[in-house]
Amino acid sequence: MASSIHDLARHLNISIGTVSRALNGRADVNADTRQRVLEAAKKLNYSPNQSGRSLRQGATHSIAFMLQPHPGDQQYGEPFFIPFLIGLQAKLAEHGLDLMVVMGEPGQYQQERLRRVVETRLVDAVVLANTRREDDRIDYLSKAGFPFVTLGRSQSGGDTYPSLDIDFERAGDEAVDRLVARGHRRIAAIRPSLDLNFGYLFLDGYRKALKRHGIEVDPDLIADGFINEAGGYQVTPQVMRSKDPPTAIIFNNDAMALGGCKALAEMGIKPGHDMAVIVIVDTPLCRYFSPTLTAFRPALEAMGRRLAEMLLASLPAFADPEGPRIIREVWPLELIARDSD
C-alpha cells in the first residue's frame with residue numbers, strides 16, 4: 001500500500017513542509033535530511049497525492065482556525081465556537097477549501113504553535129479568535145505577510161486585516177440600561193482577565209452607561225478572573241464583600257456566570273430572586289441553568305459564514321474582479337430575556 005506525505009512526516013518525525021521541500025530538492029533542506037526523506041520514501045512506497053502537489057504549488061486549499069480552549073471545565077465543547085465553526089466551514093467548503101482546527105493547550109498563548117503553522121505553510125490562511133488588546137499573533141502575521149482574519153478586534157495591526165466582532169460595548173451599555181430601569185443602582189461587572197479585548201469593550205459600555213444614568217463607577221464592583229467556571233466562582237465573592245454590595249451583576253462570559261451563580265447560592269443569595277444576573281454572551285448553558293439566564297445572543301453560525309466571506313474577499317485567488325479588499329464589521333447582539341433579572 002502506498003504511503004502519503006503525512007506517513008513520511010510521521011515516520012521521520014519532521015514536518016510535512018520539510019518533507020515536501022526535501023522531495024522537491026529545495027536548497028533550504030540540508031543534505032542529510034534530504035537523504036533521510038528520499039530513503040524513507042522508497043522504503044515506504046511513497047505516492048504523491050493532492051496534498052503534496054498543493055504544497056509544492058504553494059497552495060494547500062486549507063484554512064486554519066486557531067482554537068485556544070479556556071482552562072477548566074469548559075473543555076467539553078466550547079459552546080461558543082461550535083456553531084461559529086459550522087458556519088465558517090460551510091462557507092469555505094463552497095469554495096473548495098477545508099477547515100483545519102489547530103488547538104492549543106488550554107489557557108496558553110498560541111504564538112509558537114502559530115509560528116509553526118506559518119513557517120511550514122501548513123495552510124493558506126489563518127483565523128484568529130480570542131483577540132487581545134495588544135496581540136503578538138496579529139503583529140507576527142502582519143509582519144510575515146501571511147493572510148489572516150480575526151474574530152474580534154485588537155489595537156494591534158490597525159485596519160490592515162479583515163475582522164468581525166460583536167458589539168460588546170453596546171451590550172454592556174444596554175445591560176446597564178435594563179437593570180437601571182428595574183430599579184438597580186449597585187450593578188457589578190465581572191469580566192475575563194488575560195488582556196482579552198472584548199472584556200475592555202464590555203467594561204467601556206458598562207462605565208459609559210452608569211455615567212449616563214448619573215451613577216458613580218465603583219471600582220469595588222468591578223472584578224476580573226479566569227474565563228471559566230472557577231474564575232467566576234472565585235471573583236464573585238469579591239464584589240459581594242464590598243462596603244455597599246451590588247443588587248445586580250453583569251457577567252461577560254457564560255462560564256463565569258455559572259461559577260458566579262454557584263458562589264452566590266453558597267452565600268445564601270438566590271440568582272433571579274435576591275440578585276439580578278445578566279450574561280454576555282448567550283450559549284445553551286444559559287438556557288438550561290436554573291433560573292434561566294437573561295443573556296445577549298450573537299448569530300454565531302451566520303457570523304462564521306460572514307467571516308469566511310471576509311477572508312475570501314481579502315485573498316487574490318477568491319476576490320472580486322476589482323481586487324482584494326479589507327472588510328471590518330461589528331455585529332449587534334440580541335437580548336434574550338429570561339428569569340434571572
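## Worked exercises: two sheets and a helix crossing

Setting aside neighbours within four places in sequence, Phe84 touches Phe65, Leu151, Leu300, Glu301, Met303, Gly304 and Leu307 (contact means heavy atoms within 4.5 Å). This is a predicted model, where local features need pLDDT of at least 70 and side-chain atom pairs count only at pLDDT 80 or more, while totals for chains, interfaces and linings use all residues. Residues are numbered from 1 along each chain as its sequence is written, and side-chain values use heavy atoms, with hydrogens and water left out.

**Exercise 1.** Find the largest nonpolar core and the residues with the most contacts inside it.

*Solution.*
- Step 1: start with the term. A nonpolar core is a set of buried Ala, Val, Leu, Ile, Met, Phe, Trp, Tyr and Cys residues joined through side-chain atoms within 4.5 Å. Buried means under 20% relative accessible area, exposed over 50%, and partly exposed in between (1.4 Å probe, protein chains only).
- Step 2: the largest core has 76 residues, and Phe65, Phe84, Leu88, Ile187, Tyr206, Ile249 and Ile250 have the most contacts inside it.
- Step 3: helix α13 (residues 300-314) gives this core its largest share, eight residues. Helices (H or I, at least four residues) and strands (E, at least two) are DSSP runs, numbered from the N terminus.
- Step 4: another core, of 15 residues, lies apart from it and includes Val117, Val118, Leu128 and Tyr140.

**Exercise 2.** Work out how α5 and α13 cross.

*Solution.*
- Step 1: get the geometry. The two axes come within 6 Å and cross at roughly 40°. Axes here are lines fitted to C-alpha atoms, for helices over the stretch in contact, and angles run from 0 to 180 degrees between N-to-C directions.
- Step 2: put a word on it. That angle makes α5 oblique to α13, since under 35 degrees counts as roughly parallel, over 145 as roughly antiparallel, 65 to 115 as roughly perpendicular and the rest as oblique.
- Step 3: add the hand. The crossing of α5 and α13 is right-handed; that's the name if the near helix is turned clockwise from the far one by less than a right angle, and anticlockwise would be left-handed.
- Step 4: look at who meets whom. On the α5 side you'll find Phe84 and Leu88, among others, and the α13 residues they face as a group include Leu300, Met303 and Leu307.

**Exercise 3.** Trace the strand order of the sheet with parallel pairing, then place α5 on it.

*Solution.*
- Step 1: the open sheet has six strands, ordered β2-β1-β3-β4-β5-β11. Two strands pair if DSSP finds at least two bridges between them.
- Step 2: β2 (98-103) and β11 (328-331) are the edges, each pairing on one side only.
- Step 3: from one strand to the next, the twist averages 15°.
- Step 4: zoom in on β3 (residues 125-128) and β4 (residues 148-151), which are joined by three bridges. Leu128 has Thr150 as its bridge partner.
- Step 5: α5 (residues 81-93) lies across β1 (62-67), β2, β3 and β4, at about 170° to β1.

**Exercise 4.** Now do likewise for the sheet with mixed pairing.

*Solution.*
- Step 1: this open sheet's six strands go β7-β6-β8-β9-β10-β12.
- Step 2: its edges are β7 (222-225) and β12.
- Step 3: see the mix around β10. β9 (residues 276-279) runs parallel to β10 (residues 294-297), with two bridges, whereas β10 and β12 (residues 334-336) run antiparallel, with three.
- Step 4: check some pairs. Ile278 partners Thr294, and Ala295 partners Ile336.
- Step 5: helix α10 (residues 229-240) lies across β6 (187-192), β7 and β8 (248-251), at about 165° to β7.
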